[in-house]
Amino acid sequence: MDTPAPAALHARHRAVRDRQSNALATRLHRAISWLQRAEADGNDDDTRFIQLWIAFNAAYAADLNFDGNERTRVGRFLDRVIEADHAGHLHALLFRQFTGPIRTLIDN
(Lines give C-alpha, C1' and ligand atoms only; values in the text may rest on other atoms or scores of the structure.)
Protein backbone atom coordinates (compact mmCIF):
# COMPACT_ATOMS: atom_id res chain seq x y z
CA MET A 1 0.00 0.00 0.00
CA ASP A 2 1.39 3.37 -0.99
CA THR A 3 0.91 6.35 1.27
CA PRO A 4 -0.46 9.35 -0.65
CA ALA A 5 2.20 11.96 -1.26
CA PRO A 6 1.54 15.38 0.26
CA ALA A 7 0.93 16.79 -3.24
CA ALA A 8 -1.81 14.19 -3.83
CA LEU A 9 -3.35 14.95 -0.43
CA HIS A 10 -3.25 18.66 -1.24
CA ALA A 11 -5.06 18.04 -4.55
CA ARG A 12 -7.71 15.91 -2.83
CA HIS A 13 -8.16 18.59 -0.19
CA ARG A 14 -8.64 21.31 -2.83
CA ALA A 15 -11.37 19.18 -4.40
CA VAL A 16 -13.41 18.95 -1.17
CA ARG A 17 -12.52 22.01 0.90
CA ASP A 18 -15.56 24.01 -0.26
CA ARG A 19 -17.75 21.45 1.51
CA GLN A 20 -15.80 21.80 4.78
CA SER A 21 -16.06 24.35 7.51
CA ASN A 22 -13.47 27.12 7.28
CA ALA A 23 -11.83 25.89 10.47
CA LEU A 24 -11.55 22.30 9.20
CA ALA A 25 -10.25 23.41 5.80
CA THR A 26 -7.60 25.57 7.51
CA ARG A 27 -6.51 22.75 9.84
CA LEU A 28 -6.21 20.29 6.98
CA HIS A 29 -4.28 22.80 4.88
CA ARG A 30 -1.86 23.31 7.79
CA ALA A 31 -1.49 19.57 8.36
CA ILE A 32 -0.70 18.94 4.70
CA SER A 33 1.74 21.87 4.61
CA TRP A 34 3.65 20.49 7.60
CA LEU A 35 3.62 17.04 6.01
CA GLN A 36 5.16 18.57 2.87
CA ARG A 37 7.90 20.18 4.98
CA ALA A 38 8.61 16.88 6.72
CA GLU A 39 9.00 15.15 3.37
CA ALA A 40 11.36 17.91 2.17
CA ASP A 41 13.61 17.47 5.26
CA GLY A 42 14.07 13.76 4.65
CA ASN A 43 17.63 13.60 6.02
CA ASP A 44 16.98 15.08 9.46
CA ASP A 45 14.90 12.64 11.51
CA ASP A 46 14.54 14.98 14.49
CA THR A 47 13.21 17.83 12.36
CA ARG A 48 10.91 15.46 10.47
CA PHE A 49 9.52 14.09 13.74
CA ILE A 50 8.70 17.60 14.99
CA GLN A 51 7.10 18.58 11.67
CA LEU A 52 5.06 15.37 11.56
CA TRP A 53 3.95 15.95 15.15
CA ILE A 54 2.79 19.46 14.23
CA ALA A 55 0.94 18.03 11.20
CA PHE A 56 -0.75 15.45 13.42
CA ASN A 57 -1.80 18.11 15.93
CA ALA A 58 -3.21 20.30 13.16
CA ALA A 59 -5.22 17.36 11.83
CA TYR A 60 -6.84 16.29 15.08
CA ALA A 61 -7.43 19.70 16.69
CA ALA A 62 -11.10 20.50 17.24
CA ASP A 63 -13.08 23.67 16.54
CA LEU A 64 -12.32 25.31 19.87
CA ASN A 65 -13.82 22.32 21.63
CA PHE A 66 -11.98 21.85 24.90
CA ASP A 67 -13.96 18.91 26.24
CA GLY A 68 -11.72 16.36 27.93
CA ASN A 69 -7.98 16.29 28.25
CA GLU A 70 -5.42 15.98 25.47
CA ARG A 71 -5.24 12.20 25.72
CA THR A 72 -9.02 11.97 25.37
CA ARG A 73 -9.04 14.23 22.29
CA VAL A 74 -6.26 12.24 20.62
CA GLY A 75 -8.07 9.01 21.46
CA ARG A 76 -11.29 10.28 19.89
CA PHE A 77 -9.42 11.37 16.78
CA LEU A 78 -7.71 8.00 16.42
CA ASP A 79 -11.04 6.21 16.95
CA ARG A 80 -12.52 8.19 14.05
CA VAL A 81 -9.50 7.43 11.84
CA ILE A 82 -9.77 3.72 12.60
CA GLU A 83 -13.53 3.74 11.95
CA ALA A 84 -12.94 5.41 8.56
CA ASP A 85 -10.28 2.86 7.55
CA HIS A 86 -12.68 0.30 6.08
CA ALA A 87 -9.95 -1.34 3.97
CA GLY A 88 -7.67 -1.93 6.97
CA HIS A 89 -4.71 0.08 5.63
CA LEU A 90 -3.87 1.52 9.05
CA HIS A 91 -3.89 -1.90 10.68
CA ALA A 92 -1.59 -3.23 7.94
CA LEU A 93 0.86 -0.38 8.45
CA LEU A 94 0.88 -0.58 12.22
CA PHE A 95 0.97 -4.31 12.72
CA ARG A 96 2.74 -5.59 9.63
CA GLN A 97 5.11 -2.93 8.32
CA PHE A 98 5.94 -1.08 11.55
CA THR A 99 5.21 -3.71 14.18
CA GLY A 100 8.59 -3.38 15.95
CA PRO A 101 8.62 0.42 16.32
CA ILE A 102 4.92 0.49 17.29
CA ARG A 103 5.41 -2.13 20.01
CA THR A 104 8.41 -0.20 21.33
CA LEU A 105 6.36 3.01 21.38
CA ILE A 106 3.47 1.32 23.18
CA ASP A 107 5.86 -0.20 25.74
CA ASN A 108 7.29 3.23 26.47
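Trainee: Why is R27 called buried in this model?

Mentor: The model is a predicted one, and in it R27 has a relative accessible area of 15%. Buried means under 20%, so with its 15% R27 counts as buried. The residue sits in helix α2.

Trainee: Which residue of the chain is 32 positions away from R27, and how far apart are the two C-alpha atoms?

Mentor: That residue is A59, and the C-alpha atoms of R27 and A59 are separated by 5.9 Å. Both residues also appear in the contact of α2 with α3, where R27 is listed on the α2 side and A59 on the α3 side.

Trainee: Is L9 to be called buried, partly exposed or exposed, and what makes it so?

Mentor: L9, which belongs to helix α1, has a relative accessibility of 26%. Buried requires a value under 20% and exposed a value over 50%, so L9, at 26%, counts as partly exposed. Its C-alpha atom is 7.0 Å from that of I32, a residue 23 positions away along the chain.

Trainee: What makes α1 and α2 parallel, antiparallel, perpendicular or oblique to each other?

Mentor: Helix α1, residues 6-16, packs on helix α2, residues 22-40, at an angle of about 165°, and their axes are 9 Å apart. Angles over 145 degrees count as roughly antiparallel, and therefore α1 and α2 are described as roughly antiparallel to each other. The handedness of their crossing is given separately, and it is left-handed.

Trainee: Which residues bring α1 and α2 together, and of what classes are they?

Mentor: From α1 the residues are P6, A7, L9, H10 and H13, and they meet A25, L28, H29, I32, L35, Q36 and E39 of α2. Sorted by class, this contact of α1 with α2 has seven nonpolar residues, four polar ones and one charged one.

Trainee: How do you know what the relative direction of α2 and α3 is?

Mentor: The axes of α2 and helix α3, residues 45-60, cross at roughly 165° and come within 8 Å. Since roughly antiparallel begins over 145 degrees, α2 and α3 are therefore roughly antiparallel to each other. Here too the handedness is stated, for α2 passes α3 in a left-handed crossing. On the α2 side the contact holds R27, R30, A31, W34, L35, R37 and A38, and these meet R48, Q51, L52, I54, A55, A58 and A59 in α3. By class that contact has nine nonpolar, one polar and four charged residues.

Trainee: Why is A55 called buried, and what does it touch?

Mentor: The relative accessible area of A55, a residue of helix α3, is 7%. That value lies under the limit of 20%, so A55 is called buried. When neighbours within four places in sequence are left aside, A55 is in contact with A31, W34 and L35, three residues that are listed on the α2 side of the contact with α3. As for L28, it is 27 residues from A55 in sequence, with 8.6 Å between the two C-alpha atoms.

Trainee: What makes α3 and α4 roughly perpendicular?

Mentor: The axes of α3 and helix α4, residues 70-84, come within 10 Å and cross at roughly 80°. Roughly perpendicular covers 65 to 115 degrees, so an angle of roughly 80° makes α3 roughly perpendicular to α4. In their contact F56, N57, A59 and Y60 of α3 meet E70, R73, V74, F77 and L78 of α4, and by class these divide into six nonpolar, one polar and two charged residues.

Trainee: How many helices and strands does the chain have, and how much of the chain is buried?

Mentor: There are six helices and zero strands, and from the N terminus on the elements run α-α-α-α-α-α. Of the 108 residues in the chain, 16% are buried, while the exposed surface is about 8300 Å², with carbon and sulfur atoms supplying 56% of that area. Among contacts with a separation of 6 or more, those between residues 24 or more positions apart account for 33%.

Technical notes:
Residues numbered from 1 in each chain as written. Predicted model: local features only at pLDDT ≥ 70, side-chain atom pairs only at ≥ 80, totals over all residues. Heavy atoms only, no water. Axes fitted to C-alpha atoms, helices over the stretch in contact; angles between N-to-C directions. Helix = DSSP H or I, 4+ residues; strand = E, 2+ residues; numbered from the N terminus. Parallel < 35°, antiparallel > 145°, perpendicular 65-115°, else oblique. Left-handed = near helix turned anticlockwise from the far one by under 90°. Contact = heavy atoms within 4.5 Å. Nonpolar A, V, L, I, M, F, W, Y, C, P; charged D, E, K, R; others polar. Buried < 20%, exposed > 50% of the residue type's maximum accessible area, 1.4 Å probe, protein only. Areas by Shrake-Rupley, 256 points an atom, 1.4 Å probe, with all protein chains shown as cover.
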